[in-house]
Amino acid sequence: MGILTSADSPVLRKSAIALKSYSHILGFVAFIAGVGWFLALAYDDFNGKIYLSENALQPGLVSPTASILGQTNRWIGELPTSDELPVDWIHNKLLSIGLEAYFHNFSVRMPFAQSNEKVLTGTNVYGIIRAPRIASTESMVLTVPWITMDGHQNRAGVVAVLAMAAHFKRQAYWAKDIVIVFVDRGWWGMQAWLEGYHGTGTSQCKKIKISARV
């Protein structure tokens with residue numbers, strides 16, 4: 001302030017006096033501008049796709065306009081009719097959404113007389129939604145079994161989660177990677193995927209590493 005009020009600089013001294021005279025008005029205008037800009041951050045055109053690294057703050061970001069019903073109804077009509085998990089169709093759909101998509105072939109030796117097959121083989125499909133702007137240090141896994149506990153095909157569940165994945169992909173506030181696994185052969189397939197993901201193995205599951213991880 002000493003520079004502005006220096007006797008050697010009458011122009012700067014007059015400017016400083018003018019600023020001091022209107023300081024209350026200028027402060028009020030700056031305050032209103034700051035509040036207005038803060039409110040504008042709620043709109044996508046102004047927030048630059050910011051994200052939250054603190055998970056505790058995310059419940060307030062629930063979007064009441066998110067709807068997957070229309071997309072689910074369209075895709076359930078496209079889902080192939082088959083007794084087996086439609087791995088190719090799911091894989092192509094994940095790629096079209098924009099996810100990383102991979103196959104996981106597995107082989108499980110049945111330890112008990114629960115099946116006529118001594119060796120159970122199958123193929124899981126999984127996709128990865130990478131969290132933007134953060135390192136892939138944390139993740140959560142969503143599993144979608146093809147066969148439900150009562151023995152029915154989980155067709156509606158498969159297309160519903162695919163529609164959710166399409167919605168998730170468009171969001172920018174994820175603090176974790178999201179891995180979606182479409183499971184073949186029930187919990188045997190899930191066990192095989194987990195062991196492949198973590199690089200472990202048991203006497204039942206043939207050790208097959210998966211193609212990608214977070």
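Which residue of β2 is the bridge partner of Glu 100? Select Glu 100 and look across to β2: the partner is Ile 128. Keep in mind as you go that this is a predicted model.

**Stop 1: the sheet**

Stay with this pair of strands for a moment. β1 and β2 run antiparallel, and 10 bridges join them. Now bring in the rest of the sheet: four strands form an open sheet with mixed pairing, in the order β1-β2-β4-β3. Colour residues 100-109 for β1 and 139-145 for β3, and you have the two edges. Each of these strands has a single partner, so one side of each is left without a neighbour in the sheet. Turn the view to follow the twist, which averages 25 degrees from one strand to the next.

Next, select residues 119-129 (β2) together with residues 177-183 (β4). These two strands run antiparallel and are joined by five bridges. For one point of reference, pick Ile 129, whose bridge partner in β4 is Ile 178. Then show helix α6, residues 155-169, which packs on the sheet and touches β2, β3 and β4. The direction of α6 makes about 165 degrees with that of β4.

Before moving on, colour β2 by accessibility. This strand is mostly covered, with nine of its 11 residues buried.

**Stop 2: helix α7**

Select residues 186-198 to bring up α7. The helix has 13 residues and spans 19 Å from its first C-alpha to its last, close to the 18 Å expected at 1.5 Å a residue. Which strands do the buried residues of α7 pack against? Show the sheet again alongside the helix: they pack against β1, β2, β3 and β4. Among these buried residues are Gly 189, Met 190, Gln 191, Ala 192, Glu 195 and Gly 196. Just after α7, click on Gly 199, which takes a positive phi of about 70 degrees.

**Stop 3: the aromatic rings**

The structure holds five aromatic pairs. Start with Trp 187 and Trp 188, a stacked pair with 4.4 Å centre to centre and 25 degrees between the planes. Is each of the two buried or exposed? Trp 187 has 56% relative accessibility, so Trp 187 counts as exposed. Trp 188 has 9% and therefore counts as buried.

Then go along α7 to Trp 193 and Tyr 197, another stacked pair, at 5.1 Å centre to centre with 25 degrees between the planes. Because they are four residues apart in α7, about one helical turn separates them. Both Trp 193 and Tyr 197 are buried. Add Tyr 102 and Tyr 126 to the selection, and you have one aromatic cluster made up of Tyr 102, Tyr 126, Trp 193 and Tyr 197. Tyr 102 falls within β1, residues 100-109, and Tyr 126 within β2, residues 119-129.

**Stop 4: a lysine in α5**

For the last stop, select residues 87-97, helix α5, and find Lys 93 in it. Is this lysine buried or exposed? Lys 93 has a relative accessible area of 13%, so Lys 93 is buried. What is Lys 93 in contact with, leaving aside its neighbours within four places in sequence? Show Trp 75, Glu 78 and Leu 162 as sticks, and you have its contacts. One of them, Leu 162, takes you back to α6, residues 155-169, the helix that packs on the sheet.

Notes:
Residues numbered from 1 in each chain as written. Predicted model: local features only at pLDDT ≥ 70, side-chain atom pairs only at ≥ 80, totals over all residues. Heavy atoms only, no water. Pairing = 2+ DSSP bridges. Axes fitted to C-alpha atoms, helices over the stretch in contact; angles between N-to-C directions. Contact = heavy atoms within 4.5 Å. Phe/Tyr/Trp six-rings, centres within 6.5 Å; stacked < 30°, edge-to-face > 60°. Buried < 20%, exposed > 50% of the residue type's maximum accessible area, 1.4 Å probe, protein only. Expected span 1.5 Å × (residues − 1).
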